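Good morning, colleagues. Please take a moment with the sequence and the model before I begin; I shall then discuss the pocket, the aromatic pairs and the core.

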Amino acid sequence: MTFPMISICNYNVFATQYAQEFLLNELNQSVYLTDADRAIIFNESATAAQKVNIYFDRYYEVFFPVLAKMADASVDESVKRQFGMTKEQMFIDASWGASTDVDFIARDEFVRDYVKWYYDPSMGNCFKINSGLAENGSA
């Protein structure tokens, strides 16, 4: 049986610490924050709940422009990759060909030879499986 090409994406576009810090920085620089918001955010005696409420209220005003920025072709792939999970994190266990007529492929070899990263503007880090990568070195 021929295995079809499939794509797997982690819908959490901002899955890493790097991504969360990037969003926080964008939010802190946002035109959507009022002076009153900033006074609470940068006040050491303000409670975490007060700060979280501001971030939550303004989050989507910043979230979608950041997604649009990430979709820009001028943003380097190395930056985009840092926002979501790596293929090693996504594929905890993988094998192919456990039957006697097909050679068994272990996870590390599978991830290296058969999984190709790409960035989707609405889904974040995605991975193509069986894209032709193992046969010819490109997707």
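**Pocket, rings and core**

The largest pocket is lined by Asn-12, Phe-14, Gln-20, Glu-21, Leu-23, Leu-24, Leu-27, Tyr-55, Tyr-59, Val-62 and Phe-63. I should say at once that this is a predicted model. The volume of this pocket is about 220 Å³. Which elements give two or more residues to its lining? They are helix 1 and helix 3, and helix 1 gives the most, with five residues.

Let me turn to the aromatic rings. A pair of aromatic rings is described by the distance of the centres and the angle of the planes. Searching the whole structure yields two aromatic pairs. In one of them, the ring centres of Tyr-18 and Phe-83 lie 5.5 Å apart with the planes at 85 degrees, so this pair is edge-to-face. Tyr-18 belongs to helix 1, whereas Phe-83 lies in the loop between helix 4 (77-81) and helix 5 (87-90); the pair thus links distant parts of the chain, 65 residues apart.

Are these two partners buried or exposed? Tyr-18 is partly exposed, at a relative accessible area of 32%. Phe-83, by contrast, is buried, with a value of 0%.

The other pair joins Phe-22 and Phe-83: the centres are 5.0 Å apart and the planes stand at 75 degrees, so this pair too is edge-to-face. Here again distant parts of the chain are linked, with Phe-22 in helix 1 and Phe-83 in the loop between helix 4 and helix 5, 61 residues apart. Through these ring pairs, Tyr-18, Phe-22 and Phe-83 form a cluster.

One further ring deserves mention. Over the ring of Tyr-118 sits the charged end of Lys-128, 5.4 Å from the ring centre.

Finally, the core. In soluble globular proteins, nonpolar side chains tend to be buried together. The largest nonpolar core in this model has 24 residues, and those touching the most other members are Phe-14, Val-66, Met-70, Phe-91, Phe-110 and Val-115. At least two residues each come from helix 1 (17-28), helix 3 (48-71), helix 6 (107-114), strand 2 (115-120) and strand 3 (124-129). Helix 3 supplies the largest share, seven residues.

What does Met-70 touch, leaving aside residues up to four places away in sequence? Its contacts are Val-75, Val-79, Lys-80, Phe-83 and Tyr-119. Phe-83 therefore appears both among the contacts of Met-70 and in the ring cluster with Tyr-18 and Phe-22.

Notes:
Residues numbered from 1 in each chain as written. Predicted model: local features only at pLDDT ≥ 70, side-chain atom pairs only at ≥ 80, totals over all residues. Heavy atoms only, no water. Core = buried A, V, L, I, M, F, W, Y, C linked by side-chain atoms within 4.5 Å. Buried < 20%, exposed > 50% of the residue type's maximum accessible area, 1.4 Å probe, protein only. Helix = DSSP H or I, 4+ residues; strand = E, 2+ residues; numbered from the N terminus. Contact = heavy atoms within 4.5 Å. Phe/Tyr/Trp six-rings, centres within 6.5 Å; stacked < 30°, edge-to-face > 60°. Lys NZ or Arg CZ within 6 Å of the ring centre and 35° of its normal. 1 Å grid on protein atoms, 1.4 Å probe; cavity = no way out; pocket = protein on both sides within 12 Å on 5 of 7 lines; lining within 4 Å. Points joined across faces, edges and corners; volume = space filled by probe spheres on them.
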